[in-house]
Amino acid sequence: MTTAPPQSHDELDHRAIMEVMVGILAALFTAMLSTTIVANALPTIIGDLDGTQAQYTWVVTSSLLAMTVSTPIWAKLSDLLNKKLLIQISLVTFVVGSVLAGFAHDVPTLLAARALQGLAMGGLTALAQAIIGSIIPPRERGRYSGYMGAVMTLATISGPLVGGVIVDSPLGWRWTFFVCVPFAVLSLFVLQRYLRLPTLVKDVKVDYAGAVLIAVAASLPLLWVTFAGSSYAWVSWTSALFIGGTIVAAVAFVVVESIVPEPLVPLKVFRDRTTALAIVASIAVGIAMFGSSVFLGQYLQVARGYTPTEAGLITIPMMIGSLIGTVGSGNLIVRYGRWKGFLVGGATLLIAGLGLLGTIDHATALWQLWTFMVLMGLGMGMLMQNLVLAVQNTVDITEVGMTSGAVAFFRSLGGTVGVSALGAILASSVTDKISVGLARLGIPASQSGGSGTLDLDGMPGPVADVVRMSYGDATGEVFLVAAGVALVALLAVIFIKEVPLRTTVRKHDVEAEDVVSETVGTR
């Protein structure tokens, strides 16, 4: 007589999983949409609130930075406290931040509200991954992770389009913040009704020192990249202080994490080969995911003269490619149980797409742009969620929040710092190209209004043409740099060892199943 393998009490049927997924997907869509929806609305927002150029940047940076540094904190708490309670706290916090941002009447209030949104977004991102890892076995997780990846990609890429449409409508820019609230409320009610998760650990010991140090280590390089070249030189004592402070904070963080009983990011996470390599690859995915929406939108509006709504519509092929890559690879992984090939294929497509985008200029044909965007979207979709799947497959349910959070943290960090660094590269290149272009026309560089201005309508025709061409030609250089980073991601996924996807939620259930199989085999 054959003995059935043990069944985990945490496993749910498909209907129960989909009921929970509705709430999780609504929360995830809310978090990701809010990171990009203001991209095309920023000129109107800053103009209406009488803001400065530095404040313009920080409307985006404040939320991304708060999300980045809070993600591992939420991930650790998810291994210590009830995940349902934590994600509900995140949703309520997000609603409060969104309402405050929508009613802001000055830039400091808006920045504080955006930081509160970012804090909540870190929780929604980390907890969504942790909940999925807690209720679905890795072998079946590809299908549901595909849904999550599709929603994340849809929200990230469609954000600028939605924001542009809202700004161009009678609603006004304040609704770029209000529009996210209904999704958060929907998620709150659905999760309250259907999500049932036990608290796995009750003895809570929060690593406050690690939380502070990781925030400092992540924030300092972002601040340095943001202001270097404008407020101070790249090579200066100020830059040295930023870099030195980052190194000191990082070293102190490693020391603290090695001695505290409940570290925020246990160092053993990085000793695992799969997790370490997935983190490296996730950094490149973050740069592609956030950078694509920022720089493609700017290229289409500034260099090509499209409206915010038109720019969003033109990027739809990238969104379609991401959806196909995410959902398609997820379903194929469920069917065949193999995942490494999709990681390698995704990284290859990402390099191809970014590399081809590196060839664009101010006159590139739209059909070429669409082809390049589809390739990048396919690669991004195949990588994003499957990297998390590969990591979750190697750990038990009690560590899934910690490891998922580590991958999400470095993906966000890559996007946050990467966008700032690529923006600095773009600004420098644009400045040089504008100077050269105006010199050829015999026009003083002061007539361009500086490389930071986008008020092309207020410039003389020849000067505006030079600025447009400069932005168009310089944008390709940004994507070439991103392609180089994606090459590192390809090398990382090549060296990841493929482990068969287990069919149980808990790792120890696999061990028990193996024991049962061996016992049956000896009879």
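What percentage of the 523 residues of the protein chain count as buried? In this predicted model, the figure is 55%. The chain holds 19 helices and zero strands, and among its contacts between residues at least 6 apart in sequence, 84% join residues at least 24 apart. The paragraphs below follow a few of these helices and two of their residues.

A convenient place to begin is helix 8, residues 181-194, whose axis comes within 8 Å of the axis of helix 1, residues 14-36, and crosses that axis at roughly 155 degrees. Since angles over 145 degrees count as roughly antiparallel, this crossing makes helix 1 roughly antiparallel to helix 8, and the handedness of the crossing is left-handed. On the side of helix 1 the contact is made by Glu19, Val20, Val22, Gly23, Ile24, Ala26, Ala27, Phe29 and Thr30, which meet Phe183, Ala184, Leu186, Ser187, Val190, Leu191 and Tyr194 in helix 8. Sorted by class, the contact of helix 1 with helix 8 consists of 12 nonpolar, three polar and one charged residues.

Helix 8 also meets helix 4, residues 83-102, where the two axes come within 10 Å and cross at roughly 160 degrees. Helix 4 and helix 8 are therefore roughly antiparallel to each other, and helix 4 passes helix 8 in a left-handed crossing. From helix 4, the residues Lys84, Ile87, Gln88, Leu91, Val92, Phe94, Val95, Ser98 and Val99 take part, and they meet Val181, Ala184, Val185, Ser187, Leu188, Leu191 and Gln192 in helix 8. By class, 11 nonpolar, four polar and one charged residues make up the contact of helix 4 with helix 8. Ala184, Ser187 and Leu191 of helix 8 are among the residues that meet helix 1, and these three are also among those that meet helix 4.

Within this second contact, one residue can be followed individually. Gln88 has its place in helix 4, and because its relative accessibility is 15%, Gln88 counts as buried. When residues up to four places away in sequence are not counted, Gln88 touches Leu188 and Gln192, both of which appear in helix 8 among the residues that meet helix 4.

Helix 4 has a further partner in helix 5, residues 107-135, with which it packs at an angle of about 155 degrees, the axes lying 8 Å apart. Here too the angle leads to a simple reading, for helix 4 and helix 5 are therefore roughly antiparallel to each other, and the crossing in which helix 4 passes helix 5 is left-handed. The contact of helix 4 with helix 5 has, by class, 17 nonpolar, seven polar and one charged residues.

Further along the chain, helix 10, residues 237-259, has 23 residues and reaches 33 Å from its first C-alpha to its last, close to the 33 Å expected at 1.5 Å a residue. The buried residues of helix 10 are Ser239, Phe242, Thr246, Ala249, Phe253, Val256 and Glu257.

The last stop is Leu350, which lies in helix 15, residues 340-357, and which is buried, since its relative accessible area is 0%. Apart from residues up to four places away in sequence, Leu350 touches Ala288, Leu375, Met376, Gly379, Met380, Leu383 and Ala486. Leu350 and Gly377 are 27 residues apart in sequence, yet their C-alpha atoms are 7.4 Å apart in space.

Key:
Residues numbered from 1 in each chain as written. Predicted model: local features only at pLDDT ≥ 70, side-chain atom pairs only at ≥ 80, totals over all residues. Heavy atoms only, no water. Axes fitted to C-alpha atoms, helices over the stretch in contact; angles between N-to-C directions. Helix = DSSP H or I, 4+ residues; strand = E, 2+ residues; numbered from the N terminus. Parallel < 35°, antiparallel > 145°, perpendicular 65-115°, else oblique. Left-handed = near helix turned anticlockwise from the far one by under 90°. Contact = heavy atoms within 4.5 Å. Nonpolar A, V, L, I, M, F, W, Y, C, P; charged D, E, K, R; others polar. Expected span 1.5 Å × (residues − 1). Buried < 20%, exposed > 50% of the residue type's maximum accessible area, 1.4 Å probe, protein only.
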